[in-house]
Amino acid sequence: MTHQLFRAPRTVTTPRLSLLPPGPEHLPDLIRLKADEAVFGYMLHGTRTAERTREELEDDMDFWQVRGYGTWSVFERGTGEFLGITGLMERPDGRGVAVRFALWPHCRGKGYAREAARAALDFGHAAGLARIIGVARETNLASRAVLSDCGMVLCAEFPHRGHNMLVYESLA
């Protein structure tokens with residue numbers, strides 16, 4: 001499995017999006033995105049400080065080197081506009097490798113999150129990941145719709161900080 005991950009190209013394109021592994025040049029966009037409550041308020045551990053975002057970027061770059069997958073910065077192909085992030089990360093709670101996505105509010109309702117998340121799932125499965133999960137708050141209907149529309153199936157739930165969390169899975 002590992003050898004497939006390291007051979008896979010790291011840049012992914014879809015009809016409308018370019019997914020690029022994050023680098024130092026993405027830091028200003030990531031700082032703005034991760035500090036925005038409307039974007040990162042729903043993410044595990046909430047919004048981030050600039051310093052925490054810098055640390056996470058270093059971790060994300062290292063993760064690609066160690067695992068052969070990770071988080072991508074998402075750009076609109078036609079304009080080059082930074083839209084947000086998507087990717088595959090190991091959850092700190094041990095539930096497995098999870099697809100994640102966080103895009104600017106103005107991107108909602110346009111299918112960008114679905115397109116980005118689907119590309120991440122396809123990348124992960126093609127590279128040998130047999131099971132990928134997605135986690136969303138029960139009340140986050142938009143994220144739940146993205147996960148379902150990507151073909152993921154509800155498989156579990158758990159409480160987290162006063163919220164009921166739903167776990168979806170995609171099997172290769």
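Biologist: Which residues does Leu20 touch, not counting residues up to four places away in sequence?

Modeller: In this predicted model, Leu20 has its place in strand 2, which covers residues 17-20. One partner is far along the chain, since Leu20 and Phe75 are 55 residues apart in sequence but 8.0 Å apart in space, C-alpha to C-alpha. Setting aside residues up to four places away in sequence, the residues that Leu20 touches are Thr11, His26, Thr71, Trp72, Ser73 and Phe75.

Biologist: Is Leu20 buried, partly exposed or exposed?

Modeller: The cut-offs are under 20% relative accessible area for buried and over 50% for exposed, with partly exposed in between. Leu20 has 28% relative accessibility, and therefore Leu20 counts as partly exposed.

Biologist: Thr11 was among the contacts of Leu20; where does Thr11 lie, and which residues is Thr11 in contact with beyond its neighbours within four places in sequence?

Modeller: Thr11 lies in the loop between helix 1 (2-7) and strand 1 (12-13), and with a relative accessible area of 44% Thr11 is partly exposed. Thr11 and Gly41, 30 residues apart in sequence, are 27 Å apart in space, C-alpha to C-alpha. Leaving aside the neighbours within four places, the residues in contact with Thr11 are Leu19, Leu20 and Pro21.

Biologist: How far apart in space are the C-alpha atoms of Ile85 and Ala117?

Modeller: Ile85 is found in strand 4, residues 82-90, and Ile85 is buried, with a relative accessible area of 2%. Beyond its neighbours within four places in sequence, Ile85 is in contact with residues including Leu30, Leu33, Lys34, Trp72, Phe101 and Leu103. Ile85 and Ala117 are 32 residues apart along the chain, and their C-alpha atoms are separated by 9.4 Å.

Biologist: What is the orientation of helix 2 relative to helix 4?

Modeller: The axes of helix 2 (residues 27-35) and helix 4 (residues 50-67) come within 9 Å and cross at roughly 125°. An angle from 65 to 115 degrees would count as roughly perpendicular and one over 145 as roughly antiparallel, so the crossing angle makes helix 2 oblique to helix 4.

Biologist: How many nonpolar, polar and charged residues does the contact of helix 2 with helix 4 have?

Modeller: Helix 2 passes helix 4 in a right-handed crossing. The contact is made by Leu27, Leu30, Ile31 and Lys34 on the side of helix 2, and by Ala50, Thr53, Arg54, Glu56, Leu57 and Asp60 on the side of helix 4. Sorted by class, the contact has five nonpolar, one polar and four charged residues.

Biologist: Is Glu56, in helix 4, buried or exposed?

Modeller: Not counting residues up to four places away in sequence, Glu56 touches Lys34 and Arg48. Glu56 and Leu27 are 29 residues apart in sequence and 10.0 Å apart in space, C-alpha to C-alpha. At 9% relative accessibility, Glu56 counts as buried.

Biologist: Which helix gives the most residues to the largest nonpolar core?

Modeller: The largest nonpolar core has 45 residues, of which Leu88 and Val99 touch the most other members. The helix that gives the most to this core, with eight residues, is helix 5 (residues 112-126).

Biologist: Which residues are included in the second, separate core?

Modeller: In the largest core, Val99 touches residues that include Leu88, Ala117, Leu121, Ile132 and Met152, not counting residues up to four places away in sequence. The second, separate core has five residues, and among them are Ala98, Ile133, Phe158 and Val167.

Biologist: What phi does Arg161 have?

Modeller: The place of Arg161 is in the loop between strand 7 (153-160) and strand 8 (163-171), and at 63% relative accessibility Arg161 counts as exposed. Although Arg161 is not a glycine, its phi is positive, at about 50°.

Methods. Residues are numbered from 1 along each chain as its sequence is written. This is a predicted model: local features need pLDDT of at least 70, side-chain atom pairs count only at pLDDT 80 or more; totals for chains, interfaces and linings use all residues. Side-chain values use heavy atoms; hydrogens and water are left out. Axes are lines fitted to C-alpha atoms, for helices over the stretch in contact, and angles run from 0 to 180 degrees between N-to-C directions. Helices (H or I, at least four residues) and strands (E, at least two) are DSSP runs, numbered from the N terminus. Angles under 35 degrees count as roughly parallel, over 145 as roughly antiparallel, 65 to 115 as roughly perpendicular and the rest as oblique. A crossing is left-handed if the near helix is turned anticlockwise from the far one by less than a right angle, and right-handed if clockwise. Contact means heavy atoms within 4.5 Å. Ala, Val, Leu, Ile, Met, Phe, Trp, Tyr, Cys and Pro count as nonpolar, Asp, Glu, Lys and Arg as charged, and the others, Gly among them, as polar. Buried means under 20% relative accessible area, exposed over 50%, partly exposed in between (1.4 Å probe, protein chains only). A nonpolar core is a set of buried Ala, Val, Leu, Ile, Met, Phe, Trp, Tyr and Cys residues joined through side-chain atoms within 4.5 Å.
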